[in-house]
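Trainee: Please pick one part of this structure and take me through it slowly. I'd also like to hear how that part sits in the whole chain.

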Amino acid sequence: MADIEWNIQRKGREWVGDEIRNRINTIPDNTRIESYDGKLFWNEKDRITLLGLLLENVGIDKAVQLGNLSLWKEALDAIEDIGRSEDKPNSWGDFLKSDVVEEFREKMIEAEEKNKRMVRNHEKNGTMGYWCVSGIRHNAIIKTDRADTAIELAKNIVQDWEMPSVEFLGEDFPDVYEY
């Protein structure tokens with residue numbers, strides 16, 4: 001998605017003309033209020049997009065009433081300092097190309113590889129039974145004999161799993177399972 005040219009004013013405003021469709025199209029796909037690790041949505045990009053949309057509708061004057069005014073002033077001073085610094089990103093596009101984002105991507109790839117190794121080497125592989133596949137938004141209980149097969153079968157049910165993990169529940173389906 002291209003960088004959005006926000007039109008955030010001090011007072012909230014309604015979108016007009018083509019702007020309505022353009023703004024609606026910026027809403028992340030399949031958006032529903034969800035949380036992960038204590039934050040709304042799966043990633044910072046979606047949180048910032050939603051914040052921008054809300055700020056356009058509500059306005060800055062309302063937004064600054066939601067927090068400590070001295071903290072807002074500190075944030076503005078910090079942003080001015082970032083703007084003066086040549087080595088810091090000044091836009092969302094610059095940030096996405098930054099070393100911080102690249103380091104995060106590398107850590108995510110590393111974590112995903114570690115998770116795949118754990119799944120391939122799961123101690124219960126080869127034992128037919130029930131497996132609970134858990135993702136950020138979905139859970140599935142699958143009967144199979146391997147952890148990796150359980151994940152693949154769960155992906156056949158729902159395609160958009162984020163970092164699925166798997167737990168062996170037992171050879172027999174438990175009478176009561178609370179998750």
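Mentor: Let's start with the whole chain: of its contacts between residues at least 6 apart in sequence, 52% join residues at least 24 apart. A contact here means heavy atoms within 4.5 Å. Keep in mind that this is a predicted model, where local features need pLDDT of at least 70 and side-chain atom pairs count only at pLDDT 80 or more, while totals for chains, interfaces and linings use all residues. Residues are numbered from 1 along each chain as its sequence is written, and side-chain values use heavy atoms, leaving out hydrogens and water.

The protein chain has 7 helices and 5 strands. Both are DSSP runs numbered from the N terminus: helices are H or I with at least four residues, strands are E with at least two. Read from the N terminus, the order is α-β-β-α-α-α-α-α-β-β-α-β. Of the chain's 179 residues, 25% are buried, where buried means under 20% relative accessible area, exposed over 50%, and partly exposed in between (1.4 Å probe, protein chains only). The accessible surface adds up to about 13300 Å², and 51% of that belongs to carbon and sulfur atoms. Such areas come from the Shrake-Rupley method with a 1.4 Å probe, and for residues, only the protein chains shown count as cover.

Now for our close-up, which is strand β3. In β3 (residues 129-134), 6 of the 6 residues are buried, so the strand is largely enclosed by the rest of the structure. What runs alongside β3? Strand β4 (residues 139-144) is joined to β3 by 6 bridges, and the two run antiparallel. Two strands pair if DSSP finds at least two bridges between them. β3 and β4 make a hairpin, with 4 residues between them. You can find this hairpin by looking for S134, whose bridge partner in β4 is N139. β3 also pairs with strand β5 (residues 165-170), again in the antiparallel sense, over 5 bridges. On that side, Y130 stands opposite G170 of β5.

From β3, hop across to helix α7. V133 and E152 are 19 residues apart along the chain, and their C-alpha atoms are separated by 9.7 Å. E152 sits in helix α7 (residues 147-157), and its relative accessibility of 46% is why it counts as partly exposed. Also in this part of the chain, R146 and D148 meet through their side chains in a salt bridge of 3.1 Å, N to O. A salt bridge means a side-chain nitrogen of Lys or Arg within 4 Å of a carboxyl oxygen of Asp or Glu. R146 is partly exposed at 29% relative accessibility, and D148 is partly exposed too, at 28%.

The whole structure holds 4 salt bridges, so let's look at others as we move to helix α6. E103 and K107 form one, their closest N and O atoms being 3.3 Å apart. They are 4 residues apart in α6 (residues 99-120), which means about one helical turn separates them. K107 counts as exposed at 51%, while E103 is partly exposed at 44%. In another, E113 and K116 have their closest N and O atoms 3.9 Å apart. Here the step is 3 residues along α6, again about one helical turn. E113 is partly exposed, at 34% relative accessibility, and K116 is partly exposed at 39%.

Last stop: the earlier helices. Helix α2 (residues 44-58) has 15 residues and should span 21 Å at 1.5 Å a residue; its end C-alpha atoms are 20 Å apart, which agrees. That expected span is 1.5 Å times one less than the number of residues. The buried residues of α2, among them L53 and L55, pack against α1 and α3 (60-63). Just after α2 comes G59, with a positive phi of about 100°.

As for α1 (residues 18-26), that helix includes I24, which is partly exposed at 43% relative accessible area. Together with I20 and I27, I24 forms a nonpolar surface patch of about 230 Å² of accessible area. Patches are made of residues with over 30% relative accessible area and no salt bridge, with like charges joined within 9 Å and nonpolar side chains (Val, Leu, Ile, Met, Phe, Trp, Tyr) within 5 Å.
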